[in-house]
Amino acid sequence: MSDDHGEQGSSTRGRRKGLPALAVALTAALALLCCTGGTGALLLSEFLDTSDEPVLNAFGCGQDKVIEIKDGLPIVEPYDAAQMRNAAVIINVGAQMRVPPRGWVIAVATAMQESRLSNLPHLGSNNDHDSIGLFQQRPSQGWGTPQQLLDPEYTSRKFYDKLLGVRGWQGKRLTDAAQRVQRSAFPDAYAKHEAIATQIVNALTRGAARAAGGAVPVTGADLRCAAGADIAASGWTLPIPGSVGSGFRTASRPAHNGVDIAASKGTEIHAAASGRVLVSRCDPDHNGVHSCDVDGSPTKGGCGWFVDILHANQIVTRYCHMVRKPLVKVNDMVEAGQVIGLVGSSGNSSGPHLHFEVHVKGDRSSRGAINPVPFMRDRGATLQGNG
């Protein structure tokens with residue numbers, strides 16, 4: 001199966017604009033899915049790992065046990081030892097309360113926004129009203145006494161108590177779940193911390209952000225790695241089941257800016273994480289013809305019916321070759337795991353499959369494309385096969 005994605009062609013016509021973990025396991029014997037992608041490599045931010053090394057994935061998906069608060073905890077820049085200790089307290093309280101690990105990521109990200117993981121006293125005229133502590137909770141709003149709110153364990157417990165009372169919190173965007181608890185004047189501010197919060201949770205728990213996000217911890221047990229349709233604690237999930245048959249920028253296809261996953265026509269395609277739909281349309285072929293309602297061919301050109309989704313931290317995912325018009329529209333807000341379309345073979349493709357891309361810094365062009373395999377693996381949504 002082969003595809004040459006039309007977003008590459010679109011860029012040459014000036015229509016593209018930048019917008020503001022376990023190691024991979026088995027190598028599947030699949031028919032070749034060759035794509036010459038539509039989206040060259042741009043370095044990720046300093047907090048995202050683009051290498052193919054197992055990194056934290058060698059440690060699995062975490063264990064439900066108390067983190068020993070001591071010197072020598074892992075450091076995740078730009079946070080220091082004291083801030084990492086506070087993050088460890090937040091995670092410990094969540095584990096003790098049997099909060100699923102997705103809650104740990106949300107809580108750490110919230111404290112990053114509210115206090116930079118620092119146990120802040122009342123700051124007088126520089127303070128937001130009477131806000132105190134890691135989560136900047138207010139005594140006047142019934143969160144507790146000033147002395148209580150300076151106790152990291154107490155204030156973490158109060159945060160989780162409120163979070164657990166939010167219906168459907170595990171399926172919400174991180175920023176929406178946090179806002180339902182905090183009622184901040186800046187409701188979208190939490191989103192930008194999701195990637196580093198995920199990294200902090202992984203560093204302190206040997207990979208718990210890769211665990212199934214909704215799994216309730218069992219005392220002393222290894223957390224279950226996300227698999228199949230699970231949404232990991234990081235907030236990411238597989239777009240479809242299956243194995244990668246054609247990898248990212250291989251020697252034989254250096255312009256292949258994504259990976260191909262074989263699947264039967266009509267297989268549901270899921271949003272890999274929550275976000276906002278940027279593009280939902282038929283990509284024209286090499287001749288500028290919009291003909292996505294029929295199967296394509298290896299010489300046709302174009303991505304066929306496709307969707308681009310913008311996620312937190314300016315990550316964009318792309319889903320190509322749908323069988324018919326996508327199920328989502330531009331500016332729709334989607335949740336992780338939501339069905340956005342069906343597998344097909346439209347555009348430059350010789351058989352049914354999903355071409356899946358990941359881009360950084362909001363750059364939908366080939367300059368922003370990165371290898372989806374290590375990116376997804378580090379978030380607990382491990383793509384199996386060649387990468």
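**Exercise 1. Work out whether Cys 225 is buried, partly exposed or exposed, and find its partner.**

Step 1. Start with Cys 225: at 24% relative accessibility, this residue counts as partly exposed. The cut-offs are under 20% relative accessible area for buried, over 50% for exposed, and partly exposed in between, using a 1.4 Å probe and protein chains only.

A quick word on what you're looking at: this is a predicted model, where local features need pLDDT of at least 70, side-chain atom pairs count only at pLDDT 80 or more, and totals for chains, interfaces and linings use all residues. Residues are numbered from 1 along each chain as its sequence is written, and side-chain values use heavy atoms, with hydrogens and water left out.

Step 2. Now the partner: a disulfide (a pair of cysteine sulfur atoms within 2.5 Å) joins Cys 225 to Cys 61, with S to S at 2.0 Å.

Step 3. Place both ends. Cys 61 sits in the loop between strand E2 (34-35) and H2, and Cys 225 in the loop between H7 and E3, so the pair ties together parts that are 164 residues apart in sequence. Helices (H or I, at least four residues) and strands (E, at least two) are DSSP runs, numbered from the N terminus.

Step 4. Check the twist: the torsion about the S-S bond of Cys 61 and Cys 225 is about 105°, so this disulfide is right-handed.

**Exercise 2. Describe how helix H2 (residues 81-96) meets H7.**

Step 1. Their axes come within 10 Å and cross at roughly 80°. Axes here are lines fitted to C-alpha atoms, for helices over the stretch in contact, with angles running from 0 to 180 degrees between N-to-C directions.

Step 2. That makes H2 roughly perpendicular to H7, a label for angles of 65 to 115 degrees.

Step 3. List who touches whom, with contact meaning heavy atoms within 4.5 Å. H2 brings Met 84, Ala 87, Ala 88 and Ile 91, while H7 brings Ile 200, Val 201, Leu 204 and Thr 205.

**Exercise 3. Find out how enclosed helix H6 (residues 174-182) is.**

Step 1. Seven of its nine residues are buried, so H6 is largely enclosed by the rest of the structure.

Step 2. Among those buried residues of H6 are Leu 174, Ala 178 and Val 181.

Step 3. Look for the cover: helix H3 (101-115), helix H5 (152-164) and H7 are included in it.

Step 4. Step past the end of H6 and you meet Arg 183, whose phi is positive, near 55°.

Methods. Parallel < 35°, antiparallel > 145°, perpendicular 65-115°, else oblique.
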